[in-house]
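Open the model in your viewer and keep the selection tool at hand. The tour goes stop by stop.

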Amino acid sequence: MDKLTLVTMIVQVVCAVVLIVVIALQSGKSAGLSGAISGGSSENFLTKGKNRTVDAKLASVTKWIAGLFMLLTFILNLL
């Protein structure tokens, strides 16, 4: 195994761990059955916009890291 393959594999593993963490930090898109039964949410007017911007940033980071992960997988396949 040459050095380029080793470095690419290490970067891919780090990318995979970061991707898992970023996905785990995202909030759910719906409250599900428990939200329907209780009839409310834990968000109020002041925190609603802030949560959306954090979720939007996390979604954007997820897309970029997933793209990088796929690119690294393709590169490793060629090597």
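Select Phe74 to begin. Phe74 lies in helix 3. This is a predicted model, so treat every value below as computed from it.

**The nonpolar patch**

Keep Phe74 selected and add Leu4, Leu68, Leu71, Ile75, Leu78 and Leu79. Together with Phe74, these residues make a nonpolar surface patch of about 680 Å². Which helix gives the largest share of the patch? Colour helix 3, residues 45-78. Helix 3 supplies five residues, the largest share.

**Leu68**

Now narrow the selection to Leu68. Like Phe74, Leu68 lies in helix 3. Is Leu68 buried or exposed? Its relative accessibility is 39%, so Leu68 counts as partly exposed. The cut-offs explain the label: buried means under 20%, exposed means over 50%, and partly exposed is in between.

Next, add Cys15 and draw a distance between the two C-alpha atoms. The viewer should give 7.7 Å between Leu68 and Cys15. Along the chain, the two residues are 53 residues apart.

**Helix 1**

Cys15 leads to the next stop. Select helix 1, residues 3-25. Cys15 is one of the buried residues in helix 1. Add the others to the selection: Thr5, Thr8, Gln12, Leu19 and Val22 are buried too.

Check the length of helix 1 while it is selected. Helix 1 has 23 residues, and at 1.5 Å a residue it should span 33 Å. Its end C-alpha atoms are 33 Å apart, so the expected span and the model agree.

**Ala24**

Move along helix 1 to Ala24, which lies in this helix. Ala24 has a relative accessible area of 64%, so it is exposed. Val22, in helix 1 as well, is buried.

Draw one more distance, from Ala24 to Leu58. Their C-alpha atoms are separated by 10.0 Å. In sequence, Ala24 and Leu58 are 34 residues apart.

**The whole chain**

Zoom out and switch to cartoon view. How many helices and strands does the chain have? Three helices and zero strands. From the N terminus on, the order is α-α-α.

Show the contacts between residues at least 6 apart in sequence. Of these, 94% join residues at least 24 apart.

Finish with the surface. The chain exposes about 6,400 Å². Carbon and sulfur atoms supply 71% of that area. Of the chain's 79 residues, 15% count as buried.

Key
Residues are numbered from 1 along each chain as its sequence is written. This is a predicted model: local features need pLDDT of at least 70, side-chain atom pairs count only at pLDDT 80 or more; totals for chains, interfaces and linings use all residues. Side-chain values use heavy atoms; hydrogens and water are left out. Patches are made of residues with over 30% relative accessible area and no salt bridge: like charges are joined within 9 Å, nonpolar side chains (Val, Leu, Ile, Met, Phe, Trp, Tyr) within 5 Å. Accessible areas come from the Shrake-Rupley method with a 1.4 Å probe; for residues, only the protein chains shown count as cover. A salt bridge is a side-chain nitrogen of Lys or Arg within 4 Å of a carboxyl oxygen of Asp or Glu. Helices (H or I, at least four residues) and strands (E, at least two) are DSSP runs, numbered from the N terminus. Buried means under 20% relative accessible area, exposed over 50%, partly exposed in between (1.4 Å probe, protein chains only). Contact means heavy atoms within 4.5 Å. The expected span of a helix is 1.5 Å times one less than its number of residues.
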